[in-house]
Amino acid sequence: MSTIFGIPPQALFGQLLLGLINGSFYALLSLGLAVIFGMLNVINFAHGALYMLGAFVAWLLLTTAGIGYWWALLLAPLVVGAFGVLLEKTLLSRLYKLDHLYGLLLTFGLALIVEGVFRHFYGVSGQPYPIPDLLRGGQNLGFMFLPNYRGWVVVASLVVCLATWYAIERTKLGAYLRAATENPVLVQAFGINVPLMITATYGFGVALAGLAGVLAAPIYQVSPLMGSNLIIVVFAVVVIGGMGSILGAVLTGYGLGLLEGLTKVFYPEASNIVVFVIMAVVLLIKPAGLFGRER
């Protein structure tokens, strides 16, 4: 059987697929973080907990109300987004004129509270969430076997990321959002409700985390720890791409996921630290990140 750099093709492409799946979640989560930081200047450390909340909402909808995966894809992000709006109106809105550190400490505390509540009621054991019938099975591509659900996750994540980038960078609404971050007083003078835009932006950013949680539920077991296990890597992705850069978050998320997969093939011992090594190198060369701008 032929090999690629001494590695069987099935093993190489299998790890690349895993890396691409991880990259899909990195991109989707870091996109939400980039939207929130770019528009609100808030370092949202509660993002991992809200990702976990999205997965739990989907699981609770299924186990308590019999609402399946496809409706959960719509309802869970709305629930998480509404919870985010409540947080923004009651807590975060009081911190916008203060140093970034206050927002980071507040959201870090919120993450601990949310995770603690779910650990109290559900423990740390994972809860299984079934793959929807429509996406069961897989496709034999010859050089590898592609599970249908994992392919769906990659496509869905890519579509959401590109649609969000287009909305922010190429539409009138996106122009209003960017202008509101630069000069909110002037934008409000034109009759635009800037506080409402800020609240909606935070709600949308955390809804992306909730959507990622629903997509992750059938792959990873639904657990209170699933957010804390991922958020540090996602923050590293955002820093590498550039804080607040929408395109940087998406490209860096997918790229680092693939690189992580390749590292697991050729040097497995370094797979858990490769993202942080790259972050250190990037910060030494370009402190604002690959796609970031100096403020």
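This passage looks at helix 5, the annotated membrane spans and the enclosed space of the structure.

The model is predicted, so local features need pLDDT of at least 70 and side-chain atom pairs count only at pLDDT 80 or more, while totals for chains, interfaces and linings use all residues. Residues are numbered from 1 along each chain as its sequence is written, and side-chain values use heavy atoms, leaving out hydrogens and water.

Helix 5 covers residues 148–170 (helices being DSSP runs of H or I with at least four residues, strands runs of E with at least two, numbered from the N terminus). Its 23 residues reach 32 Å from the first C-alpha to the last, close to the expected 33 Å (1.5 Å times one less than the number of residues). Its buried residues (under 20% relative accessible area, 1.4 Å probe, protein chains only) include Tyr149, Val153, Cys161 and Ile168. The buried residues of helix 5 pack (heavy atoms within 4.5 Å) against partners including helix 1, helix 3 and strand 2.

The unreviewed UniProt entry places "transmembrane region" features at spans including 12–35 and 149–168; such annotations may be inferred rather than shown by experiment. Residues 149–168 are 100% helix, with end C-alpha atoms 29 Å apart.

Turning to enclosed space, a search of the whole structure finds one cavity of 30 Å³ or more (points on a 1 Å grid over the protein atoms alone where a 1.4 Å probe fits but cannot get out; lining residues have an atom within 4 Å of a point). The largest cavity holds about 50 Å³, a volume being the space filled by probe spheres set on the points. Among its lining residues are Met39, Leu177 and Thr201, and helix 1, helix 6 and helix 8 each supply at least two.

Methods
Buried < 20%, exposed > 50% of the residue type's maximum accessible area, 1.4 Å probe, protein only. 1 Å grid on protein atoms, 1.4 Å probe; cavity = no way out; pocket = protein on both sides within 12 Å on 5 of 7 lines; lining within 4 Å.
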